[in-house]
Amino acid sequence: MSLRDFLARFRPTGAPGAAVTGVPADRGAERAAELEPSLALLTDVQERADRLRAVADGEAEALRESAARQAAEIVATARARAPQVRQEAATAVHRVALREAEDLRAAGQRAASLVRERAQERMPALVERAVADALRAADGPPGAP
């Protein structure tokens, strides 16, 4: 207790009028006596909360480390499998490209076959016209001796 608090106890108090001497109640001590049990309970709770927080921090750190290990394992597995996955993807794309190339080749053969058929159909008439034109040219222009 401070000197000021000690001396404040001897200050006269009371209602106006006849002075009544006495020692006033120590409000600070009353408040301290009233709050100490509650604050003591809060101190226990605070200490328990600190312990729980420390345990939770440890568990959180363990979880982070575990998650980091798992992530590293997943990345390592993915990197190890990447060449195989690329090869499988390339094989599938290659297979599709071969199929498309075969389809294009077949379409080209069909188109060429159609051109050959038309040429065979038209060839006799064209040959006949070409021969007629050649003979006319050989005979000379009309009116020439």
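## A walk along helix α2

Asp133 is partly exposed, with a relative accessible area of 41%. That residue makes a good starting point for a tour of this predicted model. The side chain of Asp133 meets that of Arg136 in a salt bridge, with 2.3 Å from N to O. Arg136 itself is exposed, at a relative accessible area of 52%. How are the two partners placed along the chain? They stand 3 residues apart in helix α2, so about one helical turn separates Arg136 from Asp133. The general background is familiar: an α-helix has 3.6 residues a turn, so residues three or four places apart point the same way. Side chains of opposite charge, in turn, can pair when their charged atoms come close.

With that pair in mind, let us step back to the whole chain. There are 2 helices and 0 strands. Of the 145 residues, 1% are buried, where buried means under 20% relative accessible area. The accessible surface of the chain comes to about 12,900 Å², and carbon and sulfur atoms account for 61% of that area.

Helix α2 runs over residues 27–139, and its path deserves a closer look. How far would a straight helix of 113 residues span at 1.5 Å a residue? Such a helix would cover 168 Å, yet α2 spans only 147 Å between its end C-alpha atoms. If you follow the helix in the structure above, look for Met123: a kink of about 45° lies there, shortly before the proline Pro124.

Now let us return to the charged pairs. The count of salt bridges comes to 4, taking a side-chain nitrogen of Lys or Arg within 4 Å of a carboxyl oxygen of Asp or Glu as the rule. Besides the pair we began with, α2 holds the salt bridge between Arg105 and Glu102, again with 2.3 Å from N to O. These two residues are 3 residues apart in the helix, about one turn. Arg105 counts as partly exposed at 40% relative accessibility, and Glu102 is partly exposed as well, at 38%.

Asp50 and Arg53 give us another example. Their closest N and O atoms are 2.9 Å apart, and the two side chains form a salt bridge. Why is the spacing along the helix about one turn? Asp50 and Arg53 are 3 residues apart in α2, so about one helical turn lies between them. Asp50 is partly exposed, with a relative accessible area of 36%, and Arg53 is partly exposed too, with 46%.

From here we can move to Arg27, which is found in helix α2. Arg27 is exposed, with a relative accessible area of 52%. To pick up the earlier part of the chain, look across to Asp5: the C-alpha atoms of Arg27 and Asp5 are separated by 9.9 Å, while the two residues are 22 residues apart along the chain.

Our last stop is a group of nonpolar side chains. Which residues form the nonpolar patch on the surface? They are Met1, Leu3, Phe6, Leu7 and Phe10, and together they have about 600 Å² of accessible area. Met1 sits in the segment before α1, the helix that covers residues 3–8. With a relative accessible area of 67%, Met1 is exposed, since the cut-off for that class is over 50%.

Methods. Residues are numbered from 1 along each chain as its sequence is written. This is a predicted model: local features need pLDDT of at least 70, side-chain atom pairs count only at pLDDT 80 or more; totals for chains, interfaces and linings use all residues. Side-chain values use heavy atoms; hydrogens and water are left out. Patches are made of residues with over 30% relative accessible area and no salt bridge: like charges are joined within 9 Å, nonpolar side chains (Val, Leu, Ile, Met, Phe, Trp, Tyr) within 5 Å. Accessible areas come from the Shrake-Rupley method with a 1.4 Å probe; for residues, only the protein chains shown count as cover. Helices (H or I, at least four residues) and strands (E, at least two) are DSSP runs, numbered from the N terminus. Buried means under 20% relative accessible area, exposed over 50%, partly exposed in between (1.4 Å probe, protein chains only). The expected span of a helix is 1.5 Å times one less than its number of residues. The bend at a residue is the angle between axes fitted to the seven residues ending there and the seven starting there.
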